[in-house]
Amino acid sequence: MLVLFETPAGFALFKVLDEGKLDKVEDLWKEFTTSDSARKVVELKAFNKFENTSDALSAATLIIDSKPSKGLRKFLQKHCEGETLAVADSKLGNAIKEKLKIDCLHNSAVMELMRGLRNQLTELITGLGAQDLGPMSLGLSHSLSRYKLKFSPEKVDTMIIQAIGLLDDLDKELNTYAMRVREWYGWHFPELTKIVTDNIQYAKVVKMMGNRTNAVNLDFSEILSDEEIETQLKEAAVISMGTEVSDLDLSNIRELCDQVLALSEYRTQLYDYLKSRMNTIAPNLTALVGELVGARLIAHGGSLLNLAKQPGSTIQILGAEKALFRALKTKHSTPKYGLIYHASLIGKASQKHKGKISRSLAAKTALAIRYDALGDGEDNSIGAESRLKLETRLQVLENRELGKSAGSTKGKPKIEVYEKDRKKGAGALTTPAKTYNPAADLVLAEETPKKSELASKKRKHHEVKTEPSAEPADEAIQEDGDQEDRKKKKKKSKESEEAPAVEGDGEKKKKKKSKEAEDEPAVAAASEGEKKKKKKKKKSDADGEDVVMQTEESGKKDKKKKKKKHADDE
């Protein structure tokens, strides 16, 4: 019986010398404790060495899938004629039996024998040392893992993370250096700061000009595209209020300008490198959100694979963690976007629709990242299609708002009147219009003369009530007496009306009730008038008493004066 054993260096065939020891499976491991005892059980018959790493990788991948490679088939056909073959994988044994017609064996004894062979492998195979077997197994495992994960060295997102970090640092350094140049040279030519606003152009102008007196004789057309700016610069250089500087100072300023220009050139090169890497590693993500935003998302997530594990809702607020936890702590509204806010699609949307577009863009970005990280394709078709869909959605939202505002002056659409009785396309009615029926009207009865008299009494009483009380106290007393007489007469008339009438005279009863209802407000008005007159009477009495008291006091004073005069005369 032969045993097939796979190694990182190649395939080995061992011949079992004593098959009887395979019956004692529990004691089989004792035979492989030393190399001498192992040689008594098995010996190497043949060895098929791999030519290179790619050959080893192809053979290993086929063995994992339980398929014999072409080299293995030739090797077995040459050395396994009429022999039973012990294999570690039953599926591989079935494939060998079907294709090569070789009997294969797989049981617990074979597995225990494989463990023993693995333990004494370097001793049983001559020329294969432990120092060679370790690197071989490590290289094959790396190659196999790359193949299984479909890993490509071109798709290393670590370079993107480092590049975007360096790009941000360069921007900070450039701003610091450019502001130092402006502040330093501003002592000599302060007007130049407002004339040339771009930092790179400012550094080039300072490097070329040096002292401001040289500006009149220089041509700045290569640096400044606008002729008006050049004329302003030359005019300002003549009448500048800056201080004079030495040549040593100007040389140091020019060296600083060289540093600014060198950093700006390196930044452009780094941006081109980042752009190419992003198009290679994450083309769909780049098509959706751009190179810089995509690179910042990958750097914030740690890697492209880690970012692919995140849902769209997490990608939407990635970079706004502080605002999110502060909102959850204070129970306020959570942020709608993080790093994804700088994408061009969200910049195109109005403030009202930024939240909707950011949510849609985050969902499409999650799909694009997963396709870039785990997919086989290297094109940006999914990202381009998703971008077109988002742009059309944005246009629909914007046009909907325009339609609402254009419906009417108040921003609401006009509502057409629905006329169900009118024919389609004709002005005639399908049903005749209803005519006015005068017989259904109710006519009110004319007022009786008694009612008109009561109304005239009410008016007179109201006039008396509203007139100012300018009469003396005696007349007020007489009016009170007249009103009391009138009250007595009204009471008598009420008693006579309330007497039981003859049965069947329903109309008279109704008239009496209407009279009583009409007399009640008149009585109430009369009682109010009496109260007011009594108050007026009291006021007039009090005024009369005051007058009497005043006359008595004046008489007493006159008597006193007369007595004084009489005493003086005496």
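1. Lys101 is exposed, with a relative accessible area of 69%. The residue sits in the loop that links α4 (90-100) and β5 (104-105). Its phi is positive, about 60°, although Lys101 is not a glycine. The model is a predicted one, and this applies to every point below.

2. Ser66 also has a positive phi of about 60° without being a glycine. Its place is in the loop between α2 (53-64) and α3 (70-79). Is Ser66 buried or exposed? Ser66 is buried, because its relative accessible area is 12% and the cut-off for burial is under 20%. Lys101, at 69%, is exposed.

3. A third loop residue to look at is His188, found between α8 (158-186) and α9. His188 is buried, with a relative accessible area of 1%. Its side chain makes a polar contact with the side chain of Asn211, at 3.1 Å. Leaving aside residues up to four places away in sequence, His188 touches Gly210, Asn211 and Arg212, and also Ser240, Gly242, Thr243, Glu244 and Val245. Asn211 therefore appears both as the polar partner of His188 and in its list of touching residues, where neighbours up to four places away in sequence are not counted.

4. Ala163 belongs to helix α8. With a relative accessible area of 5%, Ala163 is buried. Which residues does Ala163 touch, not counting residues up to four places away in sequence? They are Leu270, Tyr273 and Leu274. In addition, Ala163 and Ala299 are 136 residues apart in sequence, yet their C-alpha atoms are 9.6 Å apart in space.

5. Helix α11 covers residues 227-238, twelve residues in total. From its first C-alpha to its last the helix reaches 17 Å, close to the 16 Å expected at 1.5 Å a residue. At its N-terminal end α11 is capped by Asp226: a side-chain oxygen of Asp226 lies 3.3 Å from the backbone nitrogen of Glu228.

6. The two sides of α11 should be read together. Glu230, Leu233, Ala236 and Ala237 are buried. Seen down the helix axis, these buried residues of α11 fall within an arc of 130°, so they line one face of the helix. An α-helix has 3.6 residues a turn, so residues three or four places apart point the same way. On the other side of α11, Glu227, Glu228, Glu235 and Val238 are exposed. Glu228 is thus named twice: as an exposed residue and as the one whose backbone nitrogen is approached by the Asp226 cap.

7. What do the buried residues of α11 pack against? They pack against α9 (192-195) and α10 (199-209). Helix α9 has already come up in this note, since the loop holding His188 lies between α8 and α9.

8. Strand β1 (residues 2-6) pairs with β2, to which five bridges join it, and the two run antiparallel. Together β1 and β2 form a hairpin with three residues between them. Two of the partnerships can be checked by eye: Val3 has Phe14 of β2 as its bridge partner, and Phe5 has Ala12 of β2.

9. β1 also pairs with strand β4 (residues 85-86), this time through two bridges and in a parallel arrangement. Here the bridge partner of Leu2 is Leu85 in β4. Burial in β1 is extensive in the sense that four of its five residues are buried, and the strand is mostly covered.

10. Strand β2 (residues 10-16) is likewise mostly covered, six of its seven residues being buried. Besides its five bridges to β1, β2 is joined to strand β3 (residues 42-49) by seven bridges, and β2 and β3 run antiparallel. In β3, Ala46 is the bridge partner of Leu13. In a regular strand the side chains alternate between the two faces of the sheet.

Note on methods
Residues numbered from 1 in each chain as written. Predicted model: local features only at pLDDT ≥ 70, side-chain atom pairs only at ≥ 80, totals over all residues. Heavy atoms only, no water. Expected span 1.5 Å × (residues − 1). Buried < 20%, exposed > 50% of the residue type's maximum accessible area, 1.4 Å probe, protein only. Arc of directions from axis to C-beta. Contact = heavy atoms within 4.5 Å. Polar contact = N/O pair within 3.5 Å; in protein donor to acceptor, adjacent residues only side chain to side chain. Pairing = 2+ DSSP bridges.
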